[in-house]
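Colleague: I'm still learning to read these pictures, so can I quiz you about the words people use for them? Show me the one you have open.

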Amino acid sequence: MYWPHYPELLATPVPRYTSFPTAAEFRPGIGPADMAEAIGNARGDISLYVHIPFCEKICWYCGCNTAAANRAQRLASYMDALYAEIALVGTMLPADVRIARIAFGGGSPNALAPAQFEHLFAQLRDHLPLVADPVVSIELDPRSLTDDWGDTLRHIGATHASLGVQTFAPHLQEAIGRVQPQETISRSVELLRDAGITSLNFDLMYGLPGQTWDDLAESLALTVQHHADRIALFGYAHVPHMLPRQRRIDDSQLPGQEPRFHMAERGYAFLTGAGYRAVGFDHFALPGDPLARAAEEGRLHRNFQGFTDDASEVLLGIGASAISSFPGLLAQNEKNTGRYRMMLSQGRHPATLGVHRATADMRRGDAIVALLCHGRANVGGLLDPDTRERLEPFLARDLARIDGRLLTIADHAVPYARSIAAVFDPYRIASTRKFSTAI
Ligand code: SF4
(Lines give C-alpha, C1' and ligand atoms only; values in the text may rest on other atoms or scores of the structure.)
Protein backbone atom coordinates (compact mmCIF):
# COMPACT_ATOMS: atom_id res chain seq x y z
CA MET A 1 0.00 0.00 0.00
CA TYR A 2 1.29 3.45 -0.96
CA TRP A 3 1.89 5.81 1.97
CA PRO A 4 1.63 9.53 1.14
CA HIS A 5 4.59 11.44 2.57
CA TYR A 6 3.96 14.74 4.37
CA PRO A 7 7.26 15.55 6.11
CA GLU A 8 5.76 18.54 7.91
CA LEU A 9 3.33 16.24 9.75
CA LEU A 10 6.12 13.96 10.94
CA ALA A 11 8.59 16.64 12.01
CA THR A 12 7.34 16.88 15.61
CA PRO A 13 8.65 14.15 17.93
CA VAL A 14 5.81 12.16 19.50
CA PRO A 15 5.62 9.54 22.25
CA ARG A 16 5.14 5.85 21.56
CA TYR A 17 2.22 5.89 24.04
CA THR A 18 2.96 2.70 25.90
CA SER A 19 1.04 4.52 28.64
CA PHE A 20 -1.01 7.67 29.00
CA PRO A 21 0.06 9.94 30.55
CA THR A 22 3.51 8.93 29.31
CA ALA A 23 6.52 8.40 31.59
CA ALA A 24 7.63 11.96 30.73
CA GLU A 25 4.77 13.15 32.94
CA PHE A 26 5.81 11.05 35.95
CA ARG A 27 6.64 13.14 39.01
CA PRO A 28 8.04 12.46 42.48
CA GLY A 29 5.49 12.20 45.24
CA ILE A 30 4.12 8.78 44.35
CA GLY A 31 5.24 6.24 46.92
CA PRO A 32 4.52 3.17 49.04
CA ALA A 33 1.11 4.40 50.28
CA ASP A 34 -0.15 4.90 46.70
CA MET A 35 1.08 1.44 45.76
CA ALA A 36 -0.52 -0.14 48.83
CA GLU A 37 -3.87 1.40 47.95
CA ALA A 38 -3.69 0.49 44.23
CA ILE A 39 -2.53 -3.08 44.88
CA GLY A 40 -5.19 -3.45 47.57
CA ASN A 41 -7.87 -2.53 45.02
CA ALA A 42 -6.72 -5.10 42.44
CA ARG A 43 -9.13 -7.95 41.70
CA GLY A 44 -9.13 -11.13 39.63
CA ASP A 45 -6.40 -11.97 37.10
CA ILE A 46 -3.53 -9.50 36.86
CA SER A 47 -0.19 -9.45 35.00
CA LEU A 48 3.35 -9.18 36.31
CA TYR A 49 6.47 -7.63 34.79
CA VAL A 50 9.89 -8.44 36.25
CA HIS A 51 12.83 -6.20 35.32
CA ILE A 52 16.41 -7.49 35.16
CA PRO A 53 18.55 -4.37 34.54
CA PHE A 54 21.70 -6.16 33.35
CA CYS A 55 23.17 -7.25 30.03
CA GLU A 56 26.29 -9.15 29.14
CA LYS A 57 27.29 -6.41 26.69
CA ILE A 58 25.76 -2.96 26.35
CA CYS A 59 24.60 -2.00 22.84
CA TRP A 60 25.32 1.58 21.84
CA TYR A 61 21.78 2.38 20.72
CA CYS A 62 20.01 1.01 23.79
CA GLY A 63 17.42 3.12 25.59
CA CYS A 64 16.74 0.64 28.40
CA ASN A 65 17.65 0.99 32.05
CA THR A 66 20.46 -1.57 32.06
CA ALA A 67 24.12 -1.99 33.01
CA ALA A 68 26.90 -4.48 32.31
CA ALA A 69 26.49 -7.72 34.26
CA ASN A 70 30.21 -7.97 34.88
CA ARG A 71 30.21 -7.92 38.68
CA ALA A 72 28.72 -11.02 40.25
CA GLN A 73 28.35 -9.35 43.65
CA ARG A 74 26.35 -6.43 42.25
CA LEU A 75 24.06 -8.81 40.41
CA ALA A 76 23.58 -11.01 43.49
CA SER A 77 22.75 -7.95 45.66
CA TYR A 78 20.20 -6.83 43.09
CA MET A 79 18.58 -10.26 43.09
CA ASP A 80 18.32 -10.19 46.90
CA ALA A 81 16.50 -6.86 46.67
CA LEU A 82 14.24 -8.24 43.93
CA TYR A 83 13.34 -11.23 46.14
CA ALA A 84 12.57 -8.79 48.97
CA GLU A 85 10.23 -6.83 46.69
CA ILE A 86 8.51 -10.04 45.55
CA ALA A 87 7.94 -11.07 49.18
CA LEU A 88 6.71 -7.57 50.10
CA VAL A 89 4.26 -7.38 47.20
CA GLY A 90 3.04 -10.88 48.09
CA THR A 91 1.86 -9.52 51.46
CA MET A 92 0.06 -6.58 49.79
CA LEU A 93 -2.08 -8.49 47.26
CA PRO A 94 -5.74 -9.20 48.13
CA ALA A 95 -6.71 -12.85 48.54
CA ASP A 96 -8.75 -13.08 45.32
CA VAL A 97 -5.99 -11.85 42.99
CA ARG A 98 -4.25 -14.31 40.66
CA ILE A 99 -1.24 -13.66 38.43
CA ALA A 100 -2.04 -15.07 35.01
CA ARG A 101 0.84 -13.62 32.96
CA ILE A 102 4.48 -12.99 33.71
CA ALA A 103 6.82 -11.04 31.43
CA PHE A 104 10.56 -10.94 32.09
CA GLY A 105 12.40 -8.03 30.51
CA GLY A 106 15.31 -5.71 30.98
CA GLY A 107 18.10 -5.51 30.16
CA SER A 108 18.40 -9.15 29.31
CA PRO A 109 16.97 -11.72 31.72
CA ASN A 110 19.53 -14.16 30.33
CA ALA A 111 22.31 -12.02 31.81
CA LEU A 112 21.46 -14.19 34.84
CA ALA A 113 22.76 -17.73 35.07
CA PRO A 114 19.99 -20.26 34.32
CA ALA A 115 20.08 -21.58 37.91
CA GLN A 116 19.75 -18.01 39.22
CA PHE A 117 16.77 -17.46 36.95
CA GLU A 118 15.08 -20.66 38.11
CA HIS A 119 15.59 -19.52 41.69
CA LEU A 120 13.89 -16.22 40.79
CA PHE A 121 10.95 -18.13 39.32
CA ALA A 122 10.73 -20.25 42.49
CA GLN A 123 10.54 -17.02 44.53
CA LEU A 124 7.61 -15.87 42.40
CA ARG A 125 5.86 -19.21 42.94
CA ASP A 126 6.53 -19.14 46.70
CA HIS A 127 5.37 -15.59 47.39
CA LEU A 128 2.86 -14.64 44.71
CA PRO A 129 -0.51 -16.18 43.75
CA LEU A 130 0.41 -17.51 40.30
CA VAL A 131 -2.22 -19.47 38.39
CA ALA A 132 -1.17 -23.07 37.74
CA ASP A 133 -0.13 -22.35 34.17
CA PRO A 134 0.70 -18.66 33.70
CA VAL A 135 1.56 -17.29 30.25
CA VAL A 136 5.31 -16.66 30.54
CA SER A 137 7.21 -14.43 28.13
CA ILE A 138 10.87 -13.44 28.18
CA GLU A 139 13.21 -11.05 26.35
CA LEU A 140 16.47 -12.71 25.39
CA ASP A 141 19.85 -11.66 24.05
CA PRO A 142 21.03 -14.24 21.47
CA ARG A 143 24.67 -13.42 22.32
CA SER A 144 24.35 -14.84 25.83
CA LEU A 145 21.76 -17.55 25.22
CA THR A 146 23.72 -20.59 26.31
CA ASP A 147 22.46 -24.14 25.69
CA ASP A 148 21.43 -24.68 29.32
CA TRP A 149 18.78 -21.98 28.92
CA GLY A 150 16.71 -24.49 26.94
CA ASP A 151 16.01 -26.61 30.03
CA THR A 152 15.36 -23.55 32.16
CA LEU A 153 12.75 -22.17 29.76
CA ARG A 154 11.10 -25.58 29.60
CA HIS A 155 11.06 -25.86 33.41
CA ILE A 156 9.33 -22.53 33.90
CA GLY A 157 6.87 -23.18 31.05
CA ALA A 158 7.83 -20.17 28.90
CA THR A 159 5.90 -20.05 25.62
CA HIS A 160 6.66 -16.52 24.38
CA ALA A 161 10.14 -15.15 23.71
CA SER A 162 11.50 -12.03 22.09
CA LEU A 163 14.97 -11.90 20.53
CA GLY A 164 16.86 -8.65 20.11
CA VAL A 165 17.97 -9.12 16.49
CA GLN A 166 17.83 -5.53 15.13
CA THR A 167 19.71 -6.31 11.90
CA PHE A 168 21.45 -9.27 10.28
CA ALA A 169 23.89 -7.02 8.36
CA PRO A 170 27.41 -7.36 9.85
CA HIS A 171 28.45 -3.78 8.96
CA LEU A 172 25.35 -2.37 10.67
CA GLN A 173 25.86 -4.57 13.71
CA GLU A 174 29.35 -3.02 13.98
CA ALA A 175 27.89 0.47 13.60
CA ILE A 176 25.49 0.02 16.54
CA GLY A 177 27.79 -1.98 18.82
CA ARG A 178 25.87 -5.24 18.69
CA VAL A 179 27.76 -7.97 16.86
CA GLN A 180 25.90 -11.27 16.63
CA PRO A 181 26.56 -13.48 13.61
CA GLN A 182 23.64 -15.07 11.78
CA GLU A 183 24.63 -18.51 13.15
CA THR A 184 24.12 -17.17 16.69
CA ILE A 185 20.58 -16.12 15.85
CA SER A 186 19.79 -19.38 14.00
CA ARG A 187 21.09 -21.43 16.93
CA SER A 188 18.99 -19.35 19.37
CA VAL A 189 15.85 -19.93 17.31
CA GLU A 190 16.46 -23.67 17.25
CA LEU A 191 17.08 -23.74 20.99
CA LEU A 192 13.92 -21.75 21.73
CA ARG A 193 11.69 -23.89 19.51
CA ASP A 194 13.07 -27.05 21.15
CA ALA A 195 12.37 -25.48 24.55
CA GLY A 196 8.66 -25.06 23.72
CA ILE A 197 8.51 -21.43 22.58
CA THR A 198 5.43 -21.18 20.37
CA SER A 199 5.39 -17.41 19.88
CA LEU A 200 8.77 -16.01 18.91
CA ASN A 201 9.29 -12.30 18.27
CA PHE A 202 12.20 -10.65 16.46
CA ASP A 203 12.91 -6.99 17.24
CA LEU A 204 14.26 -5.28 14.10
CA MET A 205 15.26 -1.69 13.35
CA TYR A 206 15.30 0.66 10.38
CA GLY A 207 17.01 4.04 10.23
CA LEU A 208 20.38 2.65 11.38
CA PRO A 209 23.60 4.48 10.44
CA GLY A 210 24.47 3.64 6.84
CA GLN A 211 21.46 1.34 6.41
CA THR A 212 19.93 1.03 2.94
CA TRP A 213 16.67 -0.55 1.85
CA ASP A 214 18.63 -3.55 0.55
CA ASP A 215 20.12 -4.06 4.03
CA LEU A 216 16.68 -3.93 5.60
CA ALA A 217 15.13 -6.17 2.93
CA GLU A 218 17.77 -8.80 3.60
CA SER A 219 17.12 -8.71 7.36
CA LEU A 220 13.38 -8.99 6.77
CA ALA A 221 13.87 -11.92 4.38
CA LEU A 222 16.07 -13.72 6.93
CA THR A 223 13.51 -13.03 9.64
CA VAL A 224 10.79 -14.62 7.51
CA GLN A 225 13.15 -17.53 6.80
CA HIS A 226 13.62 -18.03 10.55
CA HIS A 227 9.80 -18.24 10.92
CA ALA A 228 9.47 -15.48 13.51
CA ASP A 229 5.83 -15.48 14.65
CA ARG A 230 5.97 -11.79 15.48
CA ILE A 231 8.11 -8.90 14.33
CA ALA A 232 8.48 -5.48 15.90
CA LEU A 233 9.97 -3.10 13.32
CA PHE A 234 11.12 0.03 15.12
CA GLY A 235 12.65 3.21 13.74
CA TYR A 236 15.99 3.84 15.47
CA ALA A 237 15.58 6.91 17.71
CA HIS A 238 18.85 8.86 17.97
CA VAL A 239 18.59 10.96 21.14
CA PRO A 240 22.16 11.22 22.52
CA HIS A 241 21.16 14.24 24.64
CA MET A 242 19.09 11.76 26.66
CA LEU A 243 21.10 8.56 26.11
CA PRO A 244 24.83 9.35 26.27
CA ARG A 245 25.74 5.79 25.19
CA GLN A 246 24.39 6.69 21.72
CA ARG A 247 27.26 9.17 21.27
CA ARG A 248 29.32 6.23 19.99
CA ILE A 249 27.04 6.01 16.96
CA ASP A 250 28.20 7.97 13.91
CA ASP A 251 25.28 10.32 13.36
CA SER A 252 26.70 11.57 10.04
CA GLN A 253 25.61 8.21 8.59
CA LEU A 254 22.03 8.28 9.86
CA PRO A 255 19.39 8.17 7.11
CA GLY A 256 17.23 11.29 6.90
CA GLN A 257 13.47 11.39 7.32
CA GLU A 258 12.68 10.56 3.69
CA PRO A 259 14.73 7.34 3.46
CA ARG A 260 13.45 6.37 6.92
CA PHE A 261 9.89 6.89 5.74
CA HIS A 262 10.42 4.73 2.68
CA MET A 263 12.18 1.99 4.67
CA ALA A 264 9.16 1.84 7.00
CA GLU A 265 6.77 1.85 4.04
CA ARG A 266 8.62 -0.85 2.11
CA GLY A 267 9.15 -2.89 5.28
CA TYR A 268 5.40 -2.83 5.89
CA ALA A 269 4.72 -3.92 2.30
CA PHE A 270 7.38 -6.64 2.48
CA LEU A 271 6.02 -8.22 5.67
CA THR A 272 2.34 -8.00 4.79
CA GLY A 273 3.27 -9.43 1.37
CA ALA A 274 5.03 -12.30 3.15
CA GLY A 275 1.80 -13.23 4.97
CA TYR A 276 2.17 -11.26 8.21
CA ARG A 277 -0.73 -9.28 9.59
CA ALA A 278 0.08 -5.68 10.48
CA VAL A 279 -0.62 -5.07 14.17
CA GLY A 280 -0.79 -1.45 15.26
CA PHE A 281 1.80 0.84 13.68
CA ASP A 282 4.99 -1.20 14.05
CA HIS A 283 4.18 -4.83 14.90
CA PHE A 284 3.49 -7.76 12.58
CA ALA A 285 2.28 -11.27 13.41
CA LEU A 286 1.59 -14.47 11.53
CA PRO A 287 -2.10 -15.40 11.30
CA GLY A 288 -2.78 -17.78 14.18
CA ASP A 289 -0.37 -16.07 16.56
CA PRO A 290 -2.31 -14.75 19.61
CA LEU A 291 -1.31 -11.16 18.73
CA ALA A 292 -2.69 -11.44 15.18
CA ARG A 293 -5.87 -13.03 16.51
CA ALA A 294 -6.30 -10.24 19.07
CA ALA A 295 -5.89 -7.62 16.33
CA GLU A 296 -8.38 -9.45 14.12
CA GLU A 297 -10.96 -9.72 16.89
CA GLY A 298 -10.58 -6.13 18.16
CA ARG A 299 -8.93 -7.28 21.42
CA LEU A 300 -5.60 -5.56 20.94
CA HIS A 301 -4.20 -3.56 23.87
CA ARG A 302 -1.15 -1.45 24.50
CA ASN A 303 1.06 -1.56 27.57
CA PHE A 304 4.72 -1.01 28.46
CA GLN A 305 5.72 -3.98 26.32
CA GLY A 306 4.04 -2.48 23.24
CA PHE A 307 1.04 -4.04 21.47
CA THR A 308 -0.34 -7.00 23.40
CA ASP A 309 -3.28 -9.38 23.67
CA ASP A 310 -3.10 -8.98 27.47
CA ALA A 311 -6.45 -7.55 28.57
CA SER A 312 -5.59 -7.16 32.26
CA GLU A 313 -6.24 -3.71 33.74
CA VAL A 314 -3.44 -4.21 36.25
CA LEU A 315 0.20 -4.72 35.36
CA LEU A 316 2.41 -4.98 38.41
CA GLY A 317 6.05 -4.04 37.75
CA ILE A 318 8.79 -5.50 39.92
CA GLY A 319 12.45 -4.49 39.88
CA ALA A 320 14.42 -1.24 39.57
CA SER A 321 12.70 1.23 37.18
CA ALA A 322 9.76 -1.15 36.58
CA ILE A 323 6.45 0.60 35.96
CA SER A 324 3.15 -0.57 37.43
CA SER A 325 -0.11 0.33 35.77
CA PHE A 326 -3.49 0.48 37.53
CA PRO A 327 -6.68 2.11 36.28
CA GLY A 328 -6.10 5.22 38.42
CA LEU A 329 -2.32 5.14 38.91
CA LEU A 330 0.95 4.75 37.02
CA ALA A 331 3.90 4.21 39.36
CA GLN A 332 7.58 3.66 38.66
CA ASN A 333 10.08 2.03 40.97
CA GLU A 334 13.36 3.74 41.85
CA LYS A 335 15.61 3.57 38.76
CA ASN A 336 18.96 3.60 40.52
CA THR A 337 19.77 0.03 41.56
CA GLY A 338 21.74 1.18 44.64
CA ARG A 339 18.84 3.25 45.97
CA TYR A 340 16.39 0.49 44.97
CA ARG A 341 18.34 -1.99 47.11
CA MET A 342 18.51 0.44 50.01
CA MET A 343 14.74 1.05 50.05
CA LEU A 344 14.03 -2.66 50.11
CA SER A 345 16.62 -3.26 52.82
CA GLN A 346 14.49 -0.86 54.90
CA GLY A 347 11.33 -2.82 54.06
CA ARG A 348 9.90 0.00 51.91
CA HIS A 349 8.12 -0.45 48.61
CA PRO A 350 10.45 1.17 46.00
CA ALA A 351 7.87 3.23 44.03
CA THR A 352 9.16 6.82 43.78
CA LEU A 353 7.64 8.39 40.67
CA GLY A 354 4.37 8.34 38.83
CA VAL A 355 1.08 10.00 38.20
CA HIS A 356 -2.50 9.61 39.37
CA ARG A 357 -4.79 9.21 36.39
CA ALA A 358 -7.71 11.58 36.64
CA THR A 359 -10.95 10.69 34.84
CA ALA A 360 -10.06 13.10 32.01
CA ASP A 361 -6.68 11.37 31.54
CA MET A 362 -8.37 7.96 31.44
CA ARG A 363 -10.80 9.19 28.78
CA ARG A 364 -7.98 10.62 26.66
CA GLY A 365 -5.85 7.52 27.27
CA ASP A 366 -8.69 5.28 26.05
CA ALA A 367 -9.01 7.33 22.85
CA ILE A 368 -5.24 7.27 22.23
CA VAL A 369 -5.02 3.50 22.78
CA ALA A 370 -8.07 2.88 20.55
CA LEU A 371 -6.56 4.97 17.75
CA LEU A 372 -3.25 3.12 17.94
CA CYS A 373 -4.73 -0.38 18.37
CA HIS A 374 -7.85 -0.23 16.22
CA GLY A 375 -7.32 2.82 14.00
CA ARG A 376 -10.49 4.48 15.29
CA ALA A 377 -11.86 5.97 18.48
CA ASN A 378 -14.91 7.62 19.91
CA VAL A 379 -13.64 11.16 20.49
CA GLY A 380 -16.96 12.61 21.65
CA GLY A 381 -16.27 15.30 24.24
CA LEU A 382 -12.56 15.55 23.32
CA LEU A 383 -12.82 17.77 20.25
CA ASP A 384 -12.43 21.22 21.79
CA PRO A 385 -11.45 23.98 19.32
CA ASP A 386 -7.68 23.61 19.99
CA THR A 387 -7.75 19.84 19.49
CA ARG A 388 -9.82 20.25 16.35
CA GLU A 389 -7.26 22.73 15.01
CA ARG A 390 -4.39 20.28 15.67
CA LEU A 391 -6.35 17.54 13.90
CA GLU A 392 -7.20 19.65 10.87
CA PRO A 393 -3.95 19.06 8.88
CA PHE A 394 -4.58 15.30 9.05
CA LEU A 395 -8.25 15.64 8.06
CA ALA A 396 -7.38 18.00 5.21
CA ARG A 397 -4.97 15.44 3.72
CA ASP A 398 -7.43 12.52 4.01
CA LEU A 399 -5.26 10.81 6.61
CA ALA A 400 -8.21 10.68 9.00
CA ARG A 401 -11.91 11.42 8.94
CA ILE A 402 -14.60 12.23 11.46
CA ASP A 403 -18.11 10.77 11.30
CA GLY A 404 -20.10 12.12 14.22
CA ARG A 405 -18.04 11.16 17.28
CA LEU A 406 -15.96 8.54 15.49
CA LEU A 407 -12.44 9.45 14.39
CA THR A 408 -10.96 6.94 11.92
CA ILE A 409 -7.35 6.82 10.75
CA ALA A 410 -7.12 5.94 7.04
CA ASP A 411 -5.48 2.62 6.10
CA HIS A 412 -2.71 4.45 4.24
CA ALA A 413 -2.00 6.69 7.27
CA VAL A 414 -0.15 4.11 9.42
CA PRO A 415 2.97 6.31 9.80
CA TYR A 416 0.83 9.19 11.08
CA ALA A 417 -1.01 7.16 13.73
CA ARG A 418 1.16 8.34 16.64
CA SER A 419 0.98 11.95 15.47
CA ILE A 420 -2.81 11.77 15.17
CA ALA A 421 -3.09 10.16 18.62
CA ALA A 422 -0.82 12.90 20.01
CA VAL A 423 -3.43 15.50 19.05
CA PHE A 424 -5.37 14.32 22.13
CA ASP A 425 -2.36 14.56 24.46
CA PRO A 426 -2.42 17.95 26.21
CA TYR A 427 0.98 17.30 27.85
CA ARG A 428 2.92 17.02 24.61
CA ILE A 429 2.13 20.58 23.64
CA ALA A 430 4.39 21.71 26.48
CA SER A 431 7.34 19.43 25.67
CA THR A 432 8.43 17.55 22.56
CA ARG A 433 12.17 17.16 23.03
CA LYS A 434 11.96 13.90 24.96
CA PHE A 435 10.40 11.83 22.20
CA SER A 436 11.46 10.17 18.98
CA THR A 437 10.36 11.25 15.52
CA ALA A 438 7.08 9.74 14.36
CA ILE A 439 8.75 7.61 11.67
S1 SF4 B 1 20.89 -6.46 24.93
FE2 SF4 B 1 18.99 -5.26 24.78
S3 SF4 B 1 18.72 -4.32 26.78
FE4 SF4 B 1 20.84 -5.06 26.68
S5 SF4 B 1 22.03 -3.29 26.00
FE6 SF4 B 1 21.49 -4.45 24.15
S7 SF4 B 1 19.55 -3.53 23.47
FE8 SF4 B 1 19.88 -2.88 25.57
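Modeller: Here you go; keep in mind that this is a predicted model. The C-alpha centres of domain 1 and domain 2 lie 26 Å apart. Domain 1 takes in 1-7 + 358-439, while domain 2 covers 8-318.

Colleague: How do you know that domain 1 and domain 2 are in contact?

Modeller: Contact means heavy atoms within 4.5 Å. By that test, 39 residues of domain 1 touch 35 residues of domain 2.

Colleague: And what area do domain 1 and domain 2 bury between them?

Modeller: About 3600 Å², with 69% of it on carbon and sulfur atoms. People often give the size of an interface as the accessible area lost when the parts come together.

Colleague: Why is the pair Glu-8 and Arg-397 called a salt bridge?

Modeller: The rule asks for a side-chain nitrogen of Lys or Arg within 4 Å of a carboxyl oxygen of Asp or Glu. Here the closest N and O atoms of Glu-8 and Arg-397 are 3.0 Å apart, so the pair fits the rule. The count between the two domains is 1 salt bridge. There are also 11 residue pairs in polar contact between domain 1 and domain 2.

Colleague: Which helices supply at least two residues each to the side of domain 1 that touches domain 2?

Modeller: Helix H12 (359-374), helix H13 (385-396) and helix H14 (417-422). The largest share comes from H12, with 8 residues. Sorted by class, that side of domain 1 has 24 nonpolar, 7 polar and 8 charged residues.

Colleague: How many salt bridges does the structure hold?

Modeller: It holds 17. One of them joins Asp-309 to Arg-101, whose closest N and O atoms are 3.3 Å apart. That is within 4 Å, so the name applies here too.

Colleague: What makes you say that the Asp-309 and Arg-101 pair links distant parts of the chain?

Modeller: Look at where they sit: Asp-309 is in the loop between strand S13 (306-308) and strand S14 (315-318), and Arg-101 is in strand S5 (residues 97-106). The two are 208 residues apart.

Colleague: Which peptide bond leading to Pro-21 is cis?

Modeller: The one from Phe-20, where omega is near -5 degrees. Pro-21 lies in the loop between helix H1 (7-10) and strand S1 (27-28). Tyr-17 is in the loop between H1 and S1 as well, and Tyr-17 has a positive phi of about 55 degrees although it is not a glycine. Another cis bond runs from Gly-106 to Gly-107, with omega near 20 degrees. Gly-107 lies in the loop between S5 and helix H4 (114-127).

Colleague: Last one: what does UniProt list for residues 40-274?

Modeller: An unreviewed UniProt entry gives "domain: Radical SAM core" for residues 40-274. Over that stretch the chain is 40% helix and 24% strand, and the end C-alpha atoms are 46 Å apart.

Note on methods:
Residues numbered from 1 in each chain as written. Predicted model: local features only at pLDDT ≥ 70, side-chain atom pairs only at ≥ 80, totals over all residues. Heavy atoms only, no water. UniProt positions renumbered as here; feature names shortened; annotations may be inferred. Helix = DSSP H or I, 4+ residues; strand = E, 2+ residues; numbered from the N terminus. Domains from an automatic or database assignment. Buried area = accessible area lost by both parts, 1.4 Å probe. Polar contact = N/O pair within 3.5 Å; in protein donor to acceptor, adjacent residues only side chain to side chain. Nonpolar A, V, L, I, M, F, W, Y, C, P; charged D, E, K, R; others polar.
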